[in-house]
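Me: I have a model open and would like to talk through a few parts of it with you. Could we start right away with some strand pairing?

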Amino acid sequence: MSNKKQRLFQELIKDSKDPKLIKKAYQFAEKAHRNQKRASGDDFIIHPLRTAICLKKAKLCPTTIAAGLLHDVPDDTAVTDEEIKKEFGKEIALLVEGVSKLGKIKYHGVERQAENFRKLFLAMAEDVRVIFIKLCDRLHNLKSLNYLRPDKAKRIALETIEIYAPLAYRLGIGEIKGRLEDFAFPYAFPDEYKKLLPKVKDKYKKRENYLKKLVPIIKQELKKEEIKPIQIDSRAKHYYSLYQKLKRYNDDLDKIYDLVALRIIVKNVEDCYKTLGIIHKIWKPLPGRTKDYIARPKPNGYRSLHTSISCMDNKIIEIQIRTPQMHKEAEFGIAAHWYYSEQKGLKTYIKRLVSKPPERNLYWLKQLREWQEETKKFSPDRYLESLKIDFFGQRVFVFTPKGDIIDLPKNACPVDFAYAIHTEVGNHCQEAKVNGKIARLNQELNSGDLVEIITNKKRTPSRDWLDFVKTSLAKIRIKKWFSPTEQTEKKVSLPKILSFIPIPVKKEKKLKEEKALKKGSVSLAGEKGMLTNIAKCCLPQPGDKIIGYVTKSKGATIHKIDCSNLKRLKEKWPQKIIKATWD
């Protein structure tokens, strides 16, 4: 064993909960990958070792770490899935198989791309550990991008930023998310990276030196109140995250208060709030810049207190206050829950928690499974577009009157919110209140908004909602409301659809009068000779886009397609709307 392999193996095996399993998996992988090399020139086994060490640092179980060592064996060697199952059992074999499936996701061809995304989500819904292995695998692979062709390196980098980093965020793994983005940033957006780097390097160092001066002052004030901090350190903002934030502030670095944030870790929640009070006594907080993510955690489970304060020399900085467990959760997401459960000696640690993570953290996975089921029949293009909007686009976090957080895509409206609560709430949504005020149903929601939906059993969905809702679930459920009518119209023959529209008696005088009235001949659903009347409210003329509304005894009234009266009729009697065209 080379010195590098030996050193990495010792790091992996040290303090392992199951060293026998880890050693067996390593020896199996090392034999399978023998004589294989990476693009960097390293022995191939270095990559599985690095992946496994990443999983160990994330506090994952020995089973997952062993699967991390074996994850490339089926794809890159002659060893089969059955052999892995025979040697290591069904659980590890399924994890390795899941990672293998995810490895096939590439940005080459929409059809294949969409199908692989479906596999990704199914794997994630079945066992989320597959995603952890894939994230650690991707993290180490990014370090070798400089050995690849520029076009391939850019594709992998963009894929990382658009798919894998958002997954890490959703799972609450802030540390891995930041590192994924920073490794990918120079290859995905090389010009922007080169422009940003010299601008901020010196700023980082100056800000860190400034924060070091604050630490003794904070410790002294905390000591007076008998609070002993476990740790006080600084956290530099990741480059890609900074780049994204600068775009929102017109590249003004002076408006980025968390360029380097000070992090204070105390023993319990009570000390978190006490420390916040002490900090605000020493330095003045900025109005509206104190955020309590302990009382109201982010949807991915992140908890902490954040405050922006004006310190010495009027410099504005951000301070984060949390407990040790909150800190672990911020770095490793739901893996931290598994780790703490194991520390407490819960017997169900592996069998229950590993495959079924805490609901509070993974409510979005439940939504994802439901969305996955609803979008099975989508075309590949529509599936990918929906995927980007619903799960990987920018998000807004709004509150229910009870304080629950609802996670929606940017530009979502109260109708999206209503359907996110429950299908029936959406179907009978009459009006909405945003921050206590009556709001339009198509009003864009912003993070932090308090939204209340007022329902009415007599109110039903409007087809117009499809013009402004953003989530696929809302669109699907609105369409489902109308689907019985649509299905009936498809199954019934055209003459039957029009059977209740009277055909005029062919008297020459009457036909002349109708022609004079209509100033043009109209067909209904492709059929000519049906009784029609021009709507007096909008008086459509030949050339205008038109649509028909079927009356009880006077045939169909022809309206302009954007007629305001027609919109009200469509809401009340959508089944009476019929396609109309000028002949």
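Me: Which residue does V434 stand opposite in strand 10?

Reply: V434 stands opposite K437, in a predicted model where local features need pLDDT of at least 70, side-chain atom pairs count only at pLDDT 80 or more, and totals for chains, interfaces and linings use all residues. Residues are numbered from 1 along each chain as its sequence is written, and side-chain values use heavy atoms, with hydrogens and water left out.

Me: How many bridges join strand 9 to strand 10, and what is their sense?

Reply: Strand 9 (residues 429-434) is joined to strand 10 by 3 bridges, and the two run antiparallel. Strands here are DSSP runs of E with at least two residues, helices are runs of H or I with at least four, and both are numbered from the N terminus; two strands pair if DSSP finds at least two bridges between them.

Me: And what sheet do they belong to?

Reply: They belong to an open sheet of 3 strands in the order 10-9-11, with antiparallel pairing. Strand 10 (437-439) and strand 11 (451-455) are its edge strands, each pairing on one side only, and the twist from one strand to the next averages 35°.

Me: Which helix packs on that sheet?

Reply: Helix 20 does, touching strand 9 and strand 11, and its direction makes about 80° with that of strand 11. Such axes are lines fitted to C-alpha atoms, for helices over the stretch in contact, and the angles run from 0 to 180 degrees between N-to-C directions; contact means heavy atoms within 4.5 Å.

Me: There's a residue with positive phi in the loop before helix 20, isn't there... which loop is N411 in, exactly?

Reply: N411 is found in the loop between strand 8 (405-409) and helix 20 (414-421), and its phi is near 75°, a positive value in a residue other than glycine. Most residues other than glycine have a negative phi. At 29% relative accessibility, N411 counts as partly exposed, where buried means under 20% relative accessible area, exposed over 50%, and partly exposed in between, with a 1.4 Å probe and protein chains only.

Me: What about E226, buried or exposed?

Reply: E226 is exposed, with a relative accessible area of 75%. The loop that holds E226 runs between helix 12 (190-224) and strand 1 (231-236), and phi of E226 is near 60°, again a positive value in a residue other than glycine.

Me: Switching to the 5-stranded sheet, what is the strand order?

Reply: That open sheet has the order 12-16-14-15-13, with mixed pairing. Strand 12 (522-524) and strand 13 (532-534) stand at the edges with a single partner strand each, so one side of each is left without a neighbour in the sheet. The twist averages 35° from one strand to the next.

Me: How does strand 13 pair with strand 15?

Reply: Strand 13 and strand 15 (residues 556-560) pair in the parallel sense over 3 bridges, and the bridge partner of I534 in strand 15 is I558.

Me: Cysteines next: how many disulfides does the structure hold?

Reply: The structure holds 1 disulfide, a disulfide being a pair of cysteine sulfur atoms within 2.5 Å. It joins C54 to C136, with 2.4 Å from S to S, and is left-handed, at -65° about the S-S bond. The pair links distant parts of the chain, with C54 in helix 3 (residues 46-57) and C136 in helix 9 (residues 129-141), 82 residues apart. Both C54 and C136 are buried.

Me: Why is C537 not bonded to C563?

Reply: The sulfur of C537 has its closest cysteine sulfur in C563, but at 3.6 Å, which is too far for a bond. C537 counts as partly exposed, at 43% relative accessibility.

Me: Last topic, confidence: where does pLDDT stay under 50?

Reply: The value, which is the predictor's confidence in each residue from 0 to 100, stays under 50 over residues 340-361, for which the model has 40 contacts beyond four places in sequence. Residues 485-519 also stay under 50, again with 40 contacts beyond four places in sequence. The protein chain averages a pLDDT of 81, and 81% of the residues score at least 70.
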